[in-house]
Amino acid sequence: GFDLFSDAIAAECAFYTMRNSTVRQPFGWYLDDRSEDDSRHIANSGWSEWTAAMCGETAVKDLYQRIKRFAEETPDRWALTDFYNAASGRRLGFEGRAQMGGFAASIVLNRYPNGLPRNAQADVRVVV
């Protein structure tokens, strides 16, 4: 690759994974730094999963432990949503959306760490 975003990815990963990061909340990771000041404390699991996949196995494990807690403890008992409050576990909206591809991000990135070869694009079928 061209390594066009290597520095940006490294900075984002450092931000999300530092020991005292305020981004990591009991039920997920904040969508971005605005979520800290927004009373909804927005988490988007799909976006977080892509971020964690780029940051490595430790980040993936950290995030999935939080998403698992959200799925088990959310007071709303709604189908797994990708738009919720990372601090309280309350659903904000969105559910059953087909775009939940972030759940497979770590699988795809592990299989193709340098990106998809041209002839492999039809081979990306993930069964979870």
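Q: In this predicted model, how far does the backbone nitrogen of G46 lie from a polar atom of the N44 side chain?
A: The model is predicted. N44 sits in the loop between β3 (42-43) and α2 (45-55). Its side chain has a polar atom whose distance from the backbone nitrogen of G46 is 3.2 Å.

Q: Which other backbone nitrogen does the side chain of N44 reach at 2.9 Å?
A: The N44 side chain is placed by a polar atom at 3.2 Å from the backbone nitrogen of G46. At 2.9 Å, the side chain of N44 also reaches the backbone nitrogen of W47.

Q: Is N44 buried or exposed?
A: Buried means under 20% relative accessible area. N44 has 14% relative accessibility, so N44 counts as buried.

Q: Which residues does N44 contact, leaving aside neighbours within four places in sequence?
A: N44 belongs to the loop between β3 and α2. Beyond its sequence neighbours, the contacts of N44 are W29, L31 and D82.

Q: What is the C-alpha separation of A71 and T81?
A: A71 lies in helix α3 (residues 57-73). T81 is 10 residues from A71 along the chain. Their C-alpha atoms are separated by 8.8 Å.

Q: Which residues does A71 touch, not counting those up to four places away in sequence?
A: A71 counts as partly exposed, because its relative accessibility is 36%. Outside that sequence window, A71 touches R77 and L80.

Q: What is the area of the nonpolar surface patch that includes I9?
A: I9 is in helix α1 (residues 6-17). I9 counts as partly exposed at 31% relative accessibility. Patch residues need over 30%. With F2, L4, F5 and M54, I9 makes a nonpolar surface patch of about 610 Å².

Notes:
Residues are numbered from 1 along each chain as its sequence is written. This is a predicted model: local features need pLDDT of at least 70, side-chain atom pairs count only at pLDDT 80 or more; totals for chains, interfaces and linings use all residues. Side-chain values use heavy atoms; hydrogens and water are left out. Patches are made of residues with over 30% relative accessible area and no salt bridge: like charges are joined within 9 Å, nonpolar side chains (Val, Leu, Ile, Met, Phe, Trp, Tyr) within 5 Å. Accessible areas come from the Shrake-Rupley method with a 1.4 Å probe; for residues, only the protein chains shown count as cover. A salt bridge is a side-chain nitrogen of Lys or Arg within 4 Å of a carboxyl oxygen of Asp or Glu. Helices (H or I, at least four residues) and strands (E, at least two) are DSSP runs, numbered from the N terminus. Buried means under 20% relative accessible area, exposed over 50%, partly exposed in between (1.4 Å probe, protein chains only). Contact means heavy atoms within 4.5 Å. A polar contact is a pair of N or O atoms within 3.5 Å; within protein, one must be able to donate a hydrogen and the other to accept it, and residues adjacent in sequence count only if both atoms are side-chain atoms.
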